Amino acid sequence: MAIRVALFGTGNAGRIALRGLITNPAYELTAVWVSTAAKVGRDAGELAGLDTQTGIAATDDFDAIIDAKPDAAVYCAMGDTRLPDALKDVCRLLAAGINVIGTAPGVLQYPWGIIPDKFIERVQNAAQQGNSSVYVNGVDPGFITDLVPLAFAGTCQHIEQIRCLEIADYATYDGAEVMFDVMGFGNSLDEVPMLLQPGILSVAWGATIRELAKGLGVTLDAITDTCEREPAPEAFDIAAGHIAKGGVAALKFEISGIVDGKPLIVIEHVTRLRSDLRPDWAQPAQPGGSYRVEITGEPSYAVDICPTSRHGDHNYAAIAVGVGRVVNAIPAVVAAPAGIVTTLDLPLVAGPAVIAAPTTTE
């Protein structure tokens with residue numbers, strides 16, 4: 001029997017998730033929640049960019065989603081700039097007996113030691129009330145920073161450091177709120193955007209660092225972060241808008257999990273808006289962007305991960321693989337015990353994926 005699933009949010013991630021829910025026979029779409037008035041009433045197939053009518057009209061009525069009684073909800077609504085509201089949404093769904101599998105709020109990837117215990121207790125209590133589970137993941141933070149490094153770490157005799165990198169050109173990423181408000185691109189170097197406010201990096205990626213530490217069986221002394229920004233040499237335009245001369249055009253940051261005074265776990269991001277900026281920073285393994293997992297130990301590894309997609313460039317592909325991780329985890333999360341579920345708790349998730357028919361050529 002197909003799992004009944006609702007979707008929250010039809011932005012860059014939500015549209016891809018919606019397409020997966022509609023086209024995968026393992027799922028039955030029950031409802032779609034949107035935050036934009038112009039999307040209310042539109043068919044889910046149209047919002048997913050599919051040439052099909054599903055009979056499911058988008059709504060901004062939260063109660064209508066609950067009344068549809070889905071087994072699970074894929075939560076792709078914005079979580080970065082509305083964390084308290086996103087946590088409330090998750091608790092409301094869990095208490096109603098609806099499992100939540102999402103790309104947000106990111107702190108729920110592994111919240112212990114990251115957010116106050118009282119917020120974790122609210123989520124856990126709601127899950128117990130509804131006998132439901134919640135799992136949040138994606139690409140980075142996500143499987144690049146938990147599943148992949150832990151898989152390779154499982155072959156090592158000893159480990160000195162694990163470093164996970166995202167190296168990408170974001171010029172084609174059209175999420176203006178994330179680009180300008182959260183990351184601060186285009187802003188003066190005198191301005192401190194949301195992401196670079198004191199402690200925010202260590203919260204945003206601290207969840208995945210603490211999860212890795214738990215998987216490795218170590219206790220962190222501290223989590224630290226550093227950043228460096230590069231101004232635009234001249235004005236230019238990107239998909240999200242305009243970058244003025246002198247505005248931030250490249251960003252590099254690191255978050256480190258410290259053990260015995262040394263950085264054991266490091267998450268590094270190198271984000272450019274032009275490929276010629278800061279050539280001394282790490283370079284991607286493919287044009288546009290890639291991910292890298294480096295393990296220094298015995299043995300050591302350097303693993304480049306290069307997502308591509310038939311539907312878009314490297315930025316689209318990165319979103320698609322993160323969404324795929326979440327959508328394919330739905331059955332495992334539905335079957336999991338009530339509460340917050342992490343990658344450390346799940347079995348290996350390899351589907352259910354739609355197997356395409358072989359392509360024939362004459």
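Me: What is meant by buried area, and how much do domain 1 and domain 2 bury between them?

Reply: Buried area is the accessible area, found with a 1.4 Å probe, that two parts lose on being put together, summed over both. By that definition domain 1 and domain 2 bury about 1200 Å² between them, and 62% of it is on carbon and sulfur atoms. Among the residues of domain 1, Q109, Y110 and I114 supply 40% of the area that this domain buries against domain 2, more than any other three residues. This is a predicted model, in which local features need pLDDT of at least 70 and side-chain atom pairs count only at pLDDT 80 or more, while totals for chains, interfaces and linings use all residues. Residues are numbered from 1 along each chain as its sequence is written, and side-chain values use heavy atoms, with hydrogens and water left out.

Me: How do you know where domain 1 and domain 2 lie in the protein?

Reply: The bounds come from an automatic or database domain assignment, which gives residues 3–136 + 318–340 to domain 1 and residues 147–306 to domain 2. The centres of the two domains, taken over C-alpha atoms, are separated by 26 Å.

Me: What makes residues of domain 1 and domain 2 count as being in contact, and how many are there?

Reply: Contact means that heavy atoms are within 4.5 Å, and under that rule 14 residues of domain 1 are in contact with 17 residues of domain 2.

Me: Which kinds of pairing does the rule find across the interface of domain 1 and domain 2?

Reply: A salt bridge needs a side-chain nitrogen of Lys or Arg within 4 Å of a carboxyl oxygen of Asp or Glu, and 0 are found across this interface. A polar contact is a pair of N or O atoms within 3.5 Å, where within protein one must be able to donate a hydrogen and the other to accept it, and residues adjacent in sequence count only if both atoms are side-chain atoms; here the rule finds 4 residue pairs, with both residues at pLDDT 80 or more.

Me: Why is the pair R4 and E28 called a salt bridge?

Reply: The side chains of R4 and E28 meet at 3.2 Å, N to O, which is within the 4 Å limit, and therefore the pair is a salt bridge. The two residues are 24 residues apart, with R4 in strand 1 (residues 3–8) and E28 in strand 2 (residues 27–33), where strands are DSSP runs of E of at least two residues and helices are runs of H or I of at least four, numbered from the N terminus. The whole structure has 13 salt bridges.

Me: What makes K69 and the bond from A104 to P105 worth pointing out?

Reply: Most residues other than glycine have a negative phi, and most peptide bonds are trans. Phi of K69 is near 55 degrees, a positive value, and K69 is in the loop between helix 3 (62–67) and strand 3 (72–75). The bond from A104 to P105 is cis, with omega near -5 degrees.
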